[in-house]
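Dear colleague,

I am passing on the structure below, followed by my notes on what was found in it. Please read the notes with the coordinates open beside them.

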Amino acid sequence: MPFPPGDMVAAFGRHLHFKSLEQALCDRHPELADRVQFDDANRLMHLKVTLSGKRSVVLAQVRMGYTIVWAVMDPVLNSEPSVWPLETPDEVLVDALHAMASAHLTDVPVPSPWRWNESEPSDMTELADLLDAKGVRVRRVAAGNGYFPYGPRHSPKLDIVGGRDGSFVEAEFSDAFVRVSLKPALGWLVDVHLAECGAWGRVDLAWNLWRSTKPTPGVPRAEASVADIADVLGRGLKAWDVEVSCEPAGRGEPDSAGHRSEWQESLFADEAGPPKWLGDAGADVGQLDEETEPKTSRRSPSPQHITDTVLEQLTAFGFGDLEEGDAEQPIRSDAFHIEWHDRAKNLSTSEVQRMNGLAAAAGEDVPKRLIVITTAGISRPAAAFADTAKAFVFFVDRTADKLMALNSRAREALLPHTDPAERGLEPW
């Protein structure tokens, strides 16, 4: 007797799984037992709870992009499905199905935390409840789940968020889109996206709470309650006094003063190559007649421009204790020691340890924290040590005027990078 083909075995396994889900739903929520039906007549197996007539709430496995997920779908045309990973426990799936079906049967909103596609109450679901009570439209809550559909309804894609990067709530105000994050190391962060600028900006949360600024981005969870955060959000965009740059940073002009410190000479020694319009001629740019240079050529960034870019972006991230220094110490801080690493070799653990020692010794009364600005990479052990030392390591991309994170603490400090309008489901 030949062994059955793999697809037949898989289909039989799904059939048994759905039968167990059917039994679990009836056992956990017997009031729905006479409405529960498992349908395997079509290619799409599904478990449904009949509402009235042909209307029902359905649990099924569906494909979103390249991933198969669980989805709980109701009969409302423009509603969003509740999406869950395949490894979601059965009791969570049937409770999610029950919550949505019961809401339709009783004509009340889906209760929290299920209405936020979460199976357990959390700071994020509590915050979402408070915002919803204030009339704010909560778009997404990512705490334990973090699976969201987006794109065209007929062929949705899957967005997986949260996880090790922390949890968040996204909400839509009349004049701004807001993301409130709770990061493992930095705590509460509030970021604002303005559609007219197409850019994100960070709210100085400590200033809005206590009229004082912290040197480090974020506010520790222990220092601010969920109600405190909701109260700040309720004050609105004008009260937050957040700066959002509507103009991308331009390239700086060469340093007209011609003075570079030793670190500047080494950090930017290899930045200036022949302009692309010269091809492989290898001409000496310094000897070219300025009038013959095409207007479209781009000058290499000056050391002052790089310093300004780094200072501007760190300040935008929420580092509140930085100011412009001098040629030998370009950025000054009472709380941080900034190291500029300009070697081709990636940062090693011993190198980060040495820098951290310099940072500790630089403090007058208490050790300073370390910020590293590098043009190279970093080893995994070195990044892990930097996290342990509560340091921040950033790579500076001199061609794009951009800082990129090289350890998890630095990654937590970055602004969001996605456009909220691109992460929603299109209407039918």
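Five strands make up an open sheet in the order β6-β9-β10-β11-β12, with antiparallel pairing, where strands are DSSP runs of type E with at least two residues and helices are runs of type H or I with at least four, both numbered from the N terminus, and where two strands pair if DSSP finds at least two bridges between them. Because β6 and β12 stand at the edges with a single partner strand each, one side of each is left without a neighbour in the sheet. From one strand to the next the twist averages 20 degrees, taken between lines fitted to C-alpha atoms, with angles that run from 0 to 180 degrees between N-to-C directions.

The model is predicted, and local features were accepted only at pLDDT of at least 70 and side-chain atom pairs only at pLDDT 80 or more, whereas totals for chains, interfaces and linings use all residues. Residues are numbered from 1 along each chain as its sequence is written, and side-chain values use heavy atoms, with hydrogens and water left out.

Within the sheet, β9 and β10 pair in the antiparallel sense over six bridges, and S167 stands opposite L182 in β10. Seven bridges then join β10 to β11, again antiparallel, with R179 standing opposite D191 in β11, and a hairpin of three residues connects these two strands. On its other side, β11 pairs with β12 (residues 199-202) over four antiparallel bridges, V192 standing opposite G201 in β12; this hairpin has four residues between its strands, and G198 in the turn takes a positive phi of about 65 degrees. Eight of the eight residues of β11 are buried, so the strand is largely enclosed by the rest of the structure; buried here means under 20% relative accessible area, exposed means over 50%, and partly exposed lies in between, computed with a 1.4 Å probe on protein chains only.

The strands of this sheet also contribute to the largest nonpolar core, a nonpolar core being a set of buried Ala, Val, Leu, Ile, Met, Phe, Trp, Tyr and Cys residues joined through side-chain atoms within 4.5 Å. This core has 36 residues, of which L127, W188, V192, L233 and W240 touch the most other members. At least two residues each come from α3 (123-133), β6 (137-142), β9 (167-172), β10 (177-183), β11 (187-194), α4 (205-210), α5 (226-234) and α6 (237-240), and α5 gives the most, with five residues. A second, separate core of 24 residues includes F18, V92, A99 and M100.

One residue of α3 deserves a separate note. T125 lies in this helix and counts as buried at 2% relative accessibility, while its side chain reaches the backbone nitrogen of S122 at 2.8 Å. Leaving aside residues up to four places away in sequence, T125 touches S112, P113, W116, E118, E120 and V141, contact meaning heavy atoms within 4.5 Å.

Further along the chain, helix α10 (residues 380-388) has A382, A383 and A386 among its buried residues. Seen down the helix axis, the buried residues of α10 fall within an arc of 100 degrees, so they line one face of the helix, the arc being that of the directions from the helix axis to the C-beta atoms. The face turned away from this buried side carries the exposed residues R380, P381 and T388, and what covers the buried residues includes α9 (349-362) and β17. Just after α10, K390 takes a positive phi of about 60 degrees.

In β17 (residues 392-397) lies D397, which is buried, with a relative accessible area of 19%. Its side chain makes a polar contact with the side chain of T399 at 2.7 Å, a polar contact being a pair of N or O atoms within 3.5 Å of which, within protein, one must be able to donate a hydrogen and the other to accept it, residues adjacent in sequence counting only if both atoms are side-chain atoms. D397 also touches K402 and M404, not counting residues up to four places away in sequence.

For the protein as a whole, the secondary structure comes to 11 helices and 18 strands, and 46% of the 428 residues count as buried. Among contacts with a separation of 6 or more, residues 24 or more positions apart account for 54%.

With best regards
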